[in-house]
Amino acid sequence: MLIYGLGLLAFSYLAGQLFGDFLGEVIGVQANVGGVGFAMLLLVLLHNYFQKKHWVKSNFDEGIGFWSNMYIPVIVAMSASQNALLAFNHGILPIVAGTLIVIIGFALVPLISSIKTTQS
């Protein structure tokens with residue numbers, strides 16, 4: 001059933017949004033800074049924690065898998081609604097920062113791929 005895991009997704013999303021708003025206030029920008037990313041990270045961490053504690057049943061795993069697959073397109077759609085043109089008009093820093101993050105991400109793929117998890 002796909003409804004399983006929706007509560008965990010909702011909790012992760014709300015906590016991520018709150019943290020993103022808080023982080024935006026702390027650094028002085030009147031915007032959410034990384035709230036969706038923090039939500040995704042929290043969802044992954046909580047799901048892994050629940051699996052290690054053996055609190056997860058197969059229906060729950062299927063629900064989390066479904067919502068995780070749906071989450072990526074939602075993030076892309078939310079990112080597309082941000083004002084990227086305004087960021088590019090304010091100098092070279094957004095271009096450098098974006099390029100640097102992509103390069104670091106590509107460089108970390110082999111490292112992350114080499115991490116092996118043990119199944120108990």
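Leu45 is found in helix α2, where helices are DSSP runs of H or I with at least four residues, strands are runs of E with at least two, and both are numbered from the N terminus. Leu45 counts as partly exposed because its relative accessibility is 49%; here buried means under 20% relative accessible area, exposed means over 50%, and partly exposed lies in between, with a 1.4 Å probe and protein chains only. Its C-alpha atom is 9.8 Å from that of Ser12, although 33 residues separate the two along the chain.

Before we go on, a word on the model. This is a predicted model, in which local features need pLDDT of at least 70 and side-chain atom pairs count only at pLDDT 80 or more, while totals for chains, interfaces and linings use all residues. Residues are numbered from 1 along each chain as its sequence is written, and side-chain values use heavy atoms, with hydrogens and water left out.

Now for the whole chain. The protein chain has 5 helices and 0 strands, so its elements, read from the N terminus, run α-α-α-α-α. Of its 120 residues, 17% count as buried. The average pLDDT, which is the predictor's confidence in each residue from 0 to 100, is 79, and 82% of the residues score at least 70. Confidence is highest in helix α1 (residues 6-27), at a mean of 87, and lowest in helix α4 (residues 84-89), at 67. Where pLDDT is low, the predicted coordinates should not be read in detail.

Let us return to the helices, beginning with α1. Gln17 is found there, and it is buried because its relative accessible area is 16%. The C-alpha atoms of Gln17 and Gly37 are 9.0 Å apart, with their positions 20 residues apart along the chain. In helix α2 we also meet His47, buried at a relative accessible area of 13%. From His47 to Phe60 the C-alpha separation is 9.6 Å, and the two are 13 residues apart in the chain.

The loop between α2 (35-52) and α3 (58-80) holds His54. His54 has a positive phi of about 60 degrees although it is not a glycine. Most residues other than glycine have a negative phi. With 61% relative accessibility, His54 counts as exposed. Beyond the loop, helix α3 contains Asn59, which is partly exposed at a relative accessible area of 32%. Asn59 and Gly5 are 54 residues apart in sequence, yet 8.5 Å apart in space from C-alpha to C-alpha.

What span does helix α5 (residues 93-114) reach from its first C-alpha to its last? Its 22 residues reach 32 Å, close to the 32 Å expected at 1.5 Å a residue; the expected span is 1.5 Å times one less than the number of residues. A kink of about 35 degrees lies at Leu108, shortly before the proline Pro110, the bend being the angle between axes fitted to the seven residues ending there and the seven starting there.

Leu108 also belongs to a nonpolar surface patch with Leu100, Ile101, Ile104, Leu111, Ile112 and Ile115, whose accessible area together is about 690 Å². Such a patch takes residues with over 30% relative accessible area and no salt bridge, joining nonpolar side chains (Val, Leu, Ile, Met, Phe, Trp, Tyr) within 5 Å and like charges within 9 Å. A salt bridge is a side-chain nitrogen of Lys or Arg within 4 Å of a carboxyl oxygen of Asp or Glu. Within this patch, Ile101 sits in helix α5 and counts as exposed because its relative accessibility is 58%.

Note on methods. Areas by Shrake-Rupley, 256 points an atom, 1.4 Å probe, with all protein chains shown as cover.
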